[in-house]
Amino acid sequence: MLYQIKQYIKFILKSTNQHGVHSPFVFNLVTQCFYDKKRYDAYKSIRNYRKYLLNSNTKIEVTDLGAGSQVMKQQTRTVSSMAKNAGTTFKRAKLLYRLANYLECENILELGTSLGMATQSMSLANPKANITTIEGCPNISEFTKGAFKKQSLENIDLITGDFDEIIESLAPKTFDLIFFDGNHQKEATLQYFESLMETAHNNSVFIFDDIYWSQSMTEAWETIKEHPKVTVTIDTFFWGFVFFRKEQTKEHFTIRA
Ligand SMILES: C[S@@+](CC[C@H](N)C(=O)[O-])C[C@H]1O[C@@H](n2cnc3c(N)ncnc32)[C@H](O)[C@@H]1O
């Protein structure tokens with residue numbers, strides 16, 4: 001926690017808004033997507049699903065596969081506590097919705113479905129998109145599949161299993177957006193990044209959650225930034241965005257989103 005506070009102070013001192021951003025691609029992304037204040041109809045569905053989860057006392061026997069939660073250690077968890085402590089926030093779910101829309105993402109992959117708070121927002125952004133999302137805990141997976149069915153979110157393929165095995169078995173294709181939101185450990189993050197690199201095309205975006213969760217996650221983020229195929233990166237503190245656009249010179253931005 002102390003590590004995160006120190007890093008947040010550094011972030012605040014270093015970060016900017018769109019001013020001084022000379023790259024037209026990043027300037028447009030920040031002004032037209034990050035800072036887009038329109039109230040989209042889908043935000044109501046995003047809010048309603050959150051409310052439903054935050055009020056649910058359903059208990060789930062959880063199999064912990066990742067670095068685990070820093071808040072909850074017990075094996076049986078209520079849906080409401082999972083939504084509160086490990087779920088994508090409302091602000092970020094809305095940003096993900098706008099991003100999937102703005103970048104016209106059609107093929108999306110998410111590592112770490114949990115209760116599907118992020119998956120739902122990406123599904124609403126483009127009902128024609130194909131969303132593959134992976135969750136290792138069978139009981140969470142079952143709950144979330146039911147929730148997607150109730151909302152008639154038919155463009156989601158929730159696969160139950162360990163990231164390593166499922167990534168290997170994915171049919172060869174490219175993804176427009178990959179959201180890395182599970183297993184917050186350095187080696188695992190770098191391994192998923194390397195193995196999914198071949199699925200990236202010129203306009204793909206990779207989003208890494210919680211790059212300041214721990215010192216080793218920040219080390220993973222720094223290694224990712226240096227990868228020769230990575231051109232633009234945007235550090236928004238809670239998420240790290242990675243782009244591969246060959247027409248851009250390599251540049252790292254630190255922006256308040
Ligand atoms: C932080 S939660 C994901 C939150 C979710 N994306 C959301 O929008 O609310 C991370 C999830 O990843 C799953 N997970 C962690 N490591 C995994 C692994 N190695 N294989 C499969 N699932 C894993 C956990 O079970 C957990 O449900």
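Author: Helices here are DSSP runs of H or I with at least four residues, strands are DSSP runs of E with at least two, and both are numbered from the N terminus. The model is predicted: local features need pLDDT of at least 70, side-chain atom pairs count only at pLDDT 80 or more, and totals for chains, interfaces and linings use all residues. Residues are numbered from 1 along each chain as its sequence is written, and side-chain values use heavy atoms, without hydrogens and water.

Reader: Where is the place of F237?

Author: F237 sits in the loop between strand 8 (232-235) and strand 9 (239-243). Its phi is positive, about 75 degrees, although F237 is not a glycine. Most residues other than glycine have a negative phi.

Reader: Why is F237 called buried?

Author: Buried means under 20% relative accessible area, exposed means over 50%, and partly exposed is in between (1.4 Å probe, protein chains only). F237 has 16%, so it counts as buried.

Reader: What makes S152 partly exposed?

Author: Its relative accessible area is 49%. That value lies between the two cut-offs, so S152 is partly exposed. S152 also has a positive phi, about 55 degrees, without being a glycine. It belongs to the loop between helix 7 (138-150) and strand 5 (156-160).

Reader: How many helices and strands does the chain come to?

Author: There are 10 helices and 10 strands.

Reader: How do you know that the chain is as compact as a globular protein of that length?

Author: Take the radius of gyration over C-alpha atoms, and set it against the globule rule, 2.2 Å times the number of residues to the power 0.38. The rule gives 18 Å for 257 residues; the chain has 17 Å, which is close, so it is as compact as a globular protein of that length. Buried residues make up 54% of the chain.

Reader: What makes a set of residues a nonpolar core?

Author: Its members are buried Ala, Val, Leu, Ile, Met, Phe, Trp, Tyr and Cys residues, joined through side-chain atoms within 4.5 Å. The largest such core has 40 residues, and V26, F34, L177, I207, I234 and F241 touch the most other members. Helix 5 gives the largest share of this core, 7 residues. Another core lies apart from it, with 28 residues, including L111, F175, W221 and V242. In soluble globular proteins, nonpolar side chains tend to be buried together.

Reader: Why is an empty space called a cavity and not a pocket?

Author: The test uses a 1 Å grid over the protein atoms alone. In a cavity a 1.4 Å probe fits but cannot get out; a pocket is an open set of points with protein on both sides within 12 Å along at least five of seven lines. Lining residues have an atom within 4 Å of a point. Points join across faces, edges and corners, and the volume is the space filled by probe spheres set on them. By this rule there are 2 cavities of 30 Å³ or more. The largest holds about 50 Å³. Its lining includes F180, D181 and Y192.

Reader: What lines the second largest cavity?

Author: I46, R50, T88, T89, F90, A93, M117 and Q120 do. Helix 3 (42-54), helix 5 (90-102) and helix 6 (117-125) each give two or more of them.

Reader: How much space lies in the second largest pocket?

Author: About 370 Å³. It has 19 lining residues, and K37, K38, Y43, K94 and R98 are the closest to its centre. Helix 5 gives the most to that lining, with 6 residues.
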